[in-house]
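Colleague: Before I rely on the labels attached to this model, I would like to hear the reasoning behind them, one label at a time.

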Amino acid sequence: LHLNITGCPPASEGASRSPLASSLHTALSEVLPLCAVQSCALQALNAASIAPRKDHDANCIWPAPLQLPSGATVLLDEVMMQPGQLNACGTTNLSVLRSVLEVQKLPYDFVYCSVDFGVDMSLISLSLAKSVLPHDCVLPLKVAPLSEASSADLSPQVKQAARVYLGLVARMQSRFSSMGEDVSKRAQEDFVNARQVNPKVTADDFGRLLTCTRLVAAAALSTSADSTHYEHAQRLEQARLARLSSREVP
């Protein structure tokens with residue numbers, strides 16, 4: 001479930017990263033196996049390929065930023081985008097990102113052709129307005145007042161507990177067995193009813209809700225989804241849509 005966080009604060013002049021990308025990278029790196037940042041600044045996209053490239057003269061494949069291990073999280077810093085012209089390399093890099101987002105395939109450049117390799121990475125786009133890339137879920141940023149408790153550093157014990165928990169959640173996703181028949185039937189009925197009320201509701205909306213249900217089940221360390229997980233996913237989606245409707249996303 002790739003996420004696009006909109007309404008992010010702009011970067012200061014001369015900065016290499018936006019403020020949210022820097023702070024989020026620091027936080028996620030504390031609890032995830034690997035969190036990388038990919039700048040979407042015009043210069044960065046035009047400079048070099050973000051996908052591996054085969055060097056036929058040296059008979060090797062040169063590594064690239066998106067050649068990452070399974071389970072990696074990538075922060076796409078679209079806040080750094082600025083007006084300008086993409087060259088051939090930049091256009092290809094955007095196509096590479098689109099491929100990873102849509103089908104979890106990373107196209108390796110073999111010069112005479114490209115070869116797709118399956119990847120397992122989660123992408124979070126940080127942008128001022130809606131991302132230029134396709135995302136499953138768009139969520140406007142909502143900043144809560146900073147309190148003393150929220151600004152305090154977490155203890156090593158809490159960080160370790162978070163790492164263990166997130167590791168278990170990842171394993172639950174890979175071991176997901178089923179979605180209960182009652183949940184599937186209810187979800188289908190809700191989809192039909194939603195379409196009757198609002199014809200703009202699509203199969204993608206339905207698929208996103210089912211994906212969210214599976215993730216909620218995994219977060220509860222369950223290998224199957226029941227009605228409780230489905231109702232929780234519904235509340236999350238309703239809250240997201242309410243925030244979208246209250247914030248203009250171009």
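Colleague: What makes Val111 count as partly exposed?

Modeller: Bear in mind throughout that this is a predicted model. Val111 has 39% relative accessibility, and because buried means under 20% and exposed means over 50%, a value in between makes Val111 partly exposed.

Colleague: Why does Phe110 count as buried?

Modeller: The relative accessibility of Phe110 is 19%, and buried is the word for values under 20%, so Phe110 counts as buried. Phe110 is placed in the loop between β6 and β7, and its C-alpha lies 8.6 Å from that of Ile61, although the two residues are 49 apart in sequence.

Colleague: How do you know that β6 and β7 pair, and what lies between them?

Modeller: Pairing requires at least two bridges between two strands, and β6 (residues 105-109) and β7 (residues 114-118) are joined by five, in the antiparallel sense; the count therefore satisfies the criterion. One of the bridges can be found at Tyr108, whose partner in β7 is Val115. Four residues lie between the two strands of this hairpin, and Val111, in the turn, has a positive phi of about 70°.

Colleague: Why is a positive phi worth a remark?

Modeller: Most residues other than glycine have a negative phi. Val111 is a residue other than glycine with phi near 70°, and Asn59, likewise not a glycine, has a positive phi of about 55°.

Colleague: Where is Asn59 found, and why is it called exposed?

Modeller: Asn59 is in the loop between β3 (53-55) and β4 (60-62). Its relative accessible area is 60%, and since exposed means over 50%, Asn59 is therefore called exposed.

Colleague: What makes β1 a partner of β8, and what makes it a partner of β9?

Modeller: The cut-off of at least two bridges applies again. Strand β1 (residues 3-6) pairs with β8 over three bridges in the parallel sense, with Leu3 standing opposite Ile124. Four bridges join β1 to β9, and these strands also run parallel; here Asn4 stands opposite Val138. Both counts therefore meet the cut-off.

Colleague: How do you know that the span of α5 agrees with what is expected of a helix?

Modeller: At 1.5 Å a residue, the 19 residues of α5 should span 27 Å, and the C-alpha atoms at its ends are 28 Å apart, so the two values agree.

Colleague: What makes you say that the buried residues of α5 line one face?

Modeller: The buried residues of α5 are Lys159, Val169 and Met172. Viewed down the axis of α5, these buried residues fall within an arc of 140°, and so they line one face of the helix. The face turned away from that buried side carries the exposed residues Pro156, Gln157 and Ser174.

Colleague: How do the span and the buried residues of α8 bear the same kind of scrutiny?

Modeller: The 20 residues of α8 reach 29 Å from the first C-alpha to the last, which is close to the 28 Å expected at 1.5 Å a residue. Its buried residues are His229, Tyr230, Ala233, Gln234, Glu237 and Arg240. Seen down the axis of α8, the buried residues fall within an arc of 140°, so one face of the helix is lined by them. Thr228, Gln238 and Ser246, on the other side of α8, are exposed.

Colleague: What volume does the largest pocket have, and which residues are closest to its centre?

Modeller: The largest pocket holds about 1700 Å³ of space. It is lined by 47 residues, of which Leu1, Ser122, Val169, Gln173 and Leu215 are the closest to its centre. By class, the lining comprises 28 nonpolar, ten polar and nine charged residues.

Colleague: Which element gives the largest share of the lining of the second largest pocket?

Modeller: That share comes from α8, with seven residues. The second largest pocket has a volume of about 630 Å³, and among its 26 lining residues Asp205, Arg208, Glu237, Arg240 and Leu241 lie nearest the centre. The lining of the second largest pocket has 14 nonpolar, five polar and seven charged residues.

Notes. Residues are numbered from 1 along each chain as its sequence is written. This is a predicted model: local features need pLDDT of at least 70, side-chain atom pairs count only at pLDDT 80 or more; totals for chains, interfaces and linings use all residues. Side-chain values use heavy atoms; hydrogens and water are left out. On a 1 Å grid over the protein atoms alone, a cavity is a set of points where a 1.4 Å probe fits but cannot get out, and a pocket is an open set with protein on both sides within 12 Å along at least five of seven lines; lining residues have an atom within 4 Å of a point. Grid points are joined across faces, edges and corners, and a volume is the space filled by probe spheres set on the points. Ala, Val, Leu, Ile, Met, Phe, Trp, Tyr, Cys and Pro count as nonpolar, Asp, Glu, Lys and Arg as charged, and the others, Gly among them, as polar. The expected span of a helix is 1.5 Å times one less than its number of residues. Buried means under 20% relative accessible area, exposed over 50%, partly exposed in between (1.4 Å probe, protein chains only). The arc is that of the directions from the helix axis to the C-beta atoms.
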